[in-house]
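Student: Could we go through this model together, starting from its interior and then moving on to the contact between chains and the charged pairs?

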Amino acid sequence: MGRLEGKVAVILGASDPASMGAATARRFAAEGAKLVLAARRLEGVRAVAEPLGALALACDITREEDLARLADAAVEAHGGLDVAVNCAGVSVAAPLDEVTREQLMLSCEVHLVGTALFFKQMARRMARGGSLITISSLTAYAAPRGYAAYAGAKRGADQVVRIAAQEYGPRGIKVNAIAPGFTRSAMTEGYFAVPSIAAAFVKEIPLRRLGTVEDVANAALWLASDESFLSGQVLDITGGQTLNRTPTEEEMMGALAPAANQEE
Amino acid sequence: MGAQMTGLAPSFHFMQTQTDKIVLLCTDGGCEGKRDMSRLAGKVASIVGAAGKGNIGQAIARRFAQEGAKVVVSGRREAPLAELAAEIDGDWVLCDFTSKASIDRMLDTVVERHGRVDVAVNSTGWGLLVPTHETTEAQLDAMLALQFKGPFFWLQKLVQVMAPTGGSIIQISSATAVIMLDNHAAYMGTKAGIDHVIRTVANEYGHLGIRANSIAPGLTETPMTADAMKSRALVEEFRKCYPLGRIGTPEDVAAAAVFLASDECFMTGQVLQVNGGLTLRRNPRACELEAAMRDAGEGGVA
């Protein structure tokens, strides 16, 4: 008896096998959920979806009609929608003195506006209660230099989570975020070319290891299941790093130039 | 009972329990599969505050046992502890949580008998409701002893006991450690205080593989709240404060405790708000409760 038996779940941002979305998809499938996976790159989603017997769809979180189509597809294919996880993200890093309007708008469109519209379109198709989940970030709580665009939008999305919890609660829909720390994933792979970056992070983590995409999947599973009486919360799965801080650039030593823009 | 289900590995059996929950039993040690319902298999869990019939500690004890843990329940009264221990095939040790010596002795006994402590839960508490300006020195001393000094020395002992193996520490806090409830200052202040100590423990002992977190329920039907919750008007006033439209149950807390206790959880130093979104709002004010009970023709206790 899987912990998500009988549930239909949409996961957005699952085009790379090393992503949080793909790890969540694998975990949900193992727990008995029926899945609809989506991302901008259909080829990538198909590769993740196929071994799981999941439906694969192209979806750009910045296009509301894509989101509506995604929610409709889940209902058409599986007769309902119970869980929706938003793992779509874009890495934007630049100090304020260098950040461009385009970078700021991109982060807001994907992380803030995208999350709000994702909730809106998914909740519309949740006729029997459900669980909405989005991925926040340690950077929304720590204050790492170079992350105004990324973390500002993520923090904004967390406030959307709290308000969505208020608005959708009466329909039995809980809304929560998961905040991982620096996690080895499709989006961050480039940072691992410089081993001192990960090492500098581990020093700030009480549990002395980086988080993994599986940690994210485990937290998502709990939030998705009927076992969690939480709503409007940001689940901090940073291994305790929010008790400390993010490392400085000096500590990361020889770090990649923070302007490296790397989309998932 | 024990009927094999088709479509699953033959080593798994279903068993119906008294609570009608389906428990998956593993018979050949192959539990690391995807379909585990023995999420705490092989763990030794110590739960303090489990003597009150139907309280949160008891719900956690039952759930942990269903998930495969060896559970040792503690509290001040022998009879209910022995009864619960027998029901869940666990063990019991007396403990007065206001006494450092008693806490040390209890945890030493658990280690002596079961080898270690993987998970420890403090579910003790005293739900004192009294106006702040009327709170006596005796009341505050008693509150501090149970809700601050006891947990502090419990944490102090636990980090020593858990140092060789790591473990998960779970403190039952309260939504009122962050949101207001009238006439509850001594309770709320001590709960908030120990949450901060939990964060300290998480930060200082995380490198030993020790995680420490709190769970913050809202109003929950337990022996501690039973008297107040006889008023339907009062319960309804509280219910309206919950975005998810219902108040919590001891089982909600137990489900969260399983998550925090399991190896699946990369959280530490956190307070999990297991209260259906209550902290986005607030509890009813005392005057609102009084009015609602008056309107319903119920005697005022708030």
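**Core, contact and charged pairs**

Student: Which residues touch the most other members of the largest nonpolar core?

Tutor: This is a predicted model, and the statements below should be read in that light. In general, nonpolar side chains in soluble globular proteins tend to be buried together. The largest nonpolar core here has 91 residues, and those that touch the most other members are F28(A), L37(A), I60(B), F64(B) and I170(B).

Student: Which helix gives the most to this core?

Tutor: The contribution to look for comes from chain A, where one helix, covering residues 213-224, provides 9 residues. That helix, which gives the most to the core, is α7 of chain A.

Student: Leaving aside neighbours within four places in sequence, what is I60(B) in contact with?

Tutor: I60(B) is one of the residues that touch the most other members of the largest core. Once its neighbours within four places in sequence are set aside, the residues in contact with I60(B) are I47(B), V121(B), I172(B), V253(B), A254(B) and A257(B).

Student: How many residues are in the second, separate core?

Tutor: Among the members of this second core are V8(A), L81(A), V90(A) and A164(A). The core is separate from the one just described, and its residues number 36.

Student: What area is buried between chain A and chain B?

Tutor: The contact draws 42 residues from chain A and 41 residues from chain B. Carbon and sulfur atoms give 59% of the buried area, and on the side of chain A the three residues M1(A), F229(A) and L243(A) supply 25% of what that chain buries against chain B, more than any other three residues. The area buried between the two chains is about 3,400 Å².

Student: How many salt bridges are there between chain A and chain B, and which residue of chain B does R3(A) pair with?

Tutor: The count between chain A and chain B is 4 salt bridges. In the one formed by R3(A), the closest N and O atoms are 3.5 Å apart. Salt bridges that share partners also join R3(A), R27(A), E31(A) and E264(B) into one network, and the partner of R3(A) in chain B is E264(B).

Student: Is K7(A), which forms a salt bridge with D226(A), buried or exposed?

Tutor: The closest N and O atoms of D226(A) and K7(A) are 2.9 Å apart, and the pair links distant parts of the chain, 219 residues apart, with D226(A) in the loop between α7 and β8 and K7(A) in the segment before β1. D226(A) is exposed, with a relative accessible area of 67%. The cut-off for buried is under 20%, and because K7(A) has 13% relative accessibility, K7(A) counts as buried.

Student: Why are E43(A) and R46(A) separated by about one helical turn?

Tutor: Their side chains meet in a salt bridge, at 3.2 Å from N to O. E43(A) is exposed at 59% relative accessible area, whereas R46(A), at 44%, counts as partly exposed. They are separated by about one helical turn because they lie 3 residues apart in helix α2 of chain A.

Student: How many residues apart in sequence are the parts that K53(B) and E83(B) tie together?

Tutor: The side chains of K53(B) and E83(B) meet in a salt bridge of 3.3 Å, N to O. K53(B) lies in the loop between β3 and α1 of chain B, while E83(B) lies in helix α2 of chain B, so the pair ties together parts whose separation in sequence is 30 residues.

Definitions and conventions: Residues numbered from 1 in each chain as written. Chains lettered and ligands numbered in written order. Predicted model: local features only at pLDDT ≥ 70, side-chain atom pairs only at ≥ 80, totals over all residues. Heavy atoms only, no water. Core = buried A, V, L, I, M, F, W, Y, C linked by side-chain atoms within 4.5 Å. Buried < 20%, exposed > 50% of the residue type's maximum accessible area, 1.4 Å probe, protein only. Helix = DSSP H or I, 4+ residues; strand = E, 2+ residues; numbered from the N terminus. Contact = heavy atoms within 4.5 Å. Buried area = accessible area lost by both parts, 1.4 Å probe.
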